[in-house]
Amino acid sequence: MLINRGKFMLKKDNKKLGELLLDYKMISHEDLSRALKMQKEKNKRIGETLIDLKMVTQDQINWILSKQLDIPYVQIEKGQLDMDLLRKFPEYLVKNYNLIPLIEIEGKVVIAMADPTDSEAIDKIKNIVDQKIEIAFASFHNILDILGYIEKEYPSIWQNAKNN
């Protein structure tokens, strides 16, 4: 299934998260049955339930979700940051939607997001970027760590920027 995101498309695997975890042998059928039972009792998402039960890690869930959505899962390193590109994005957008613009290449901008299905964030990005957008998936904690690093090492990065 393709999810239309304006200037780009996300391909979504029709398999459920639990099925993909089984396919990649990250959990057993017994694990999934136990988690599904607990999920109904606690009214949580299956990924959260599996993490609560310590059957998988958040990184494993993120990796599987990236497979499900057919987008890359990245670990952002400090040395990868393009500060000139980052300055083009308003501070509120980066912080409120937990995203990091990574690179401009071949007429497109690659953006790492903690929630690559957030259509509101993607719409706001499209209003700023006049190029094709390619989304990568990064963990929420990785993005928060990078934002903390940016604030510490580049405290004035957004001072002279517009739309903050």
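**A three-stranded sheet, two nonpolar cores and a pocket**

An open sheet of 3 strands, in the order β3-β4-β5, shows mixed pairing. β3 and β5 stand at its edges. Each has a single partner strand, so one side of each is left without a neighbour in the sheet. From one strand to the next, the twist averages 25°. The model is a predicted one.

The two pairings of the sheet were examined in turn. β3 and β4 are antiparallel and share 6 bridges. Within this pair, Glu104 has Val109 of β4 as its bridge partner. Leu99 stands opposite Met113, also in β4. The hairpin of β3 and β4 has 2 residues between the strands. Glu106 of this hairpin takes a positive phi near 50°. The other pairing runs parallel, with 6 bridges joining β4 to β5. Here Lys108 stands opposite Lys132 of β5.

β4 is largely enclosed by the rest of the structure, because 5 of its 6 residues are buried. A helix also covers part of the sheet's surroundings: α7 packs on the sheet and touches β3, β4 and β5. The direction of α7 makes about 150° with that of β4.

The nonpolar interior was considered next. In soluble globular proteins, nonpolar side chains tend to be buried together. The largest nonpolar core here holds 33 residues. Ile76, Phe89, Leu99, Ile100, Ile111, Ile125 and Ile150 touch the most other members. Several elements give two or more residues to this core. The helices among them are α5 (83–87), α6 (91–96), α7 (119–128) and α8 (140–153). The strands are β3 (99–105), β4 (108–113) and β5 (132–137). β4 supplies the largest share, 5 residues. This strand thus recurs in the description: β4 pairs with β3, is joined to β5 and is largely enclosed.

Leu99 also recurs, as one of the core residues that touch the most other members and as the residue opposite Met113 in β4. Ile150 is another of these core residues. Leaving aside neighbours within four places in sequence, Ile150 is in contact with Leu81, Met83, Leu86, Ile100, Pro155, Ile157 and Trp158. One of these partners, Ile100, is itself among the core residues that touch the most other members. A second, separate core has 14 residues. Leu21, Leu32, Leu50 and Met55 are included in that core.

Empty space was then mapped. Rolling a probe the size of a water molecule over the atoms shows where such space is left. The largest pocket contains about 790 Å³ of space. Its lining comprises 28 residues. Of these, Leu17, Arg45, Gly47, Ile61 and Leu65 lie nearest the pocket centre. The elements that give two or more residues to the lining are α1 (17–23), α2 (29–42), α3 (46–52), α4 (58–69) and α8. α4 gives the largest share, 6 residues. α8 contributes two or more residues to this lining and also two or more to the largest nonpolar core.

Ser66 lies in helix α4. At a relative accessible area of 3%, Ser66 is buried. Apart from neighbours within four places in sequence, the contacts of Ser66 are Ile71, Pro72, Tyr73 and Phe137.

Two loop residues have positive phi values although neither is a glycine. Lys25 has phi near 55° and lies in the loop between α1 and α2. Its relative accessible area of 72% makes Lys25 exposed. Asn43 has a phi of about 55° and is found in the loop between α2 and α3. Asn43 is exposed, with a relative accessible area of 72%.

Lys37 is placed in helix α2. This lysine counts as exposed, at 57% relative accessibility. Lys37 and Thr49 are 12 residues apart in sequence. In space, their C-alpha atoms are 9.7 Å apart.

Methods: Residues numbered from 1 in each chain as written. Predicted model: local features only at pLDDT ≥ 70, side-chain atom pairs only at ≥ 80, totals over all residues. Heavy atoms only, no water. Core = buried A, V, L, I, M, F, W, Y, C linked by side-chain atoms within 4.5 Å. Buried < 20%, exposed > 50% of the residue type's maximum accessible area, 1.4 Å probe, protein only. Helix = DSSP H or I, 4+ residues; strand = E, 2+ residues; numbered from the N terminus. Contact = heavy atoms within 4.5 Å. Pairing = 2+ DSSP bridges. Axes fitted to C-alpha atoms, helices over the stretch in contact; angles between N-to-C directions. 1 Å grid on protein atoms, 1.4 Å probe; cavity = no way out; pocket = protein on both sides within 12 Å on 5 of 7 lines; lining within 4 Å. Points joined across faces, edges and corners; volume = space filled by probe spheres on them.
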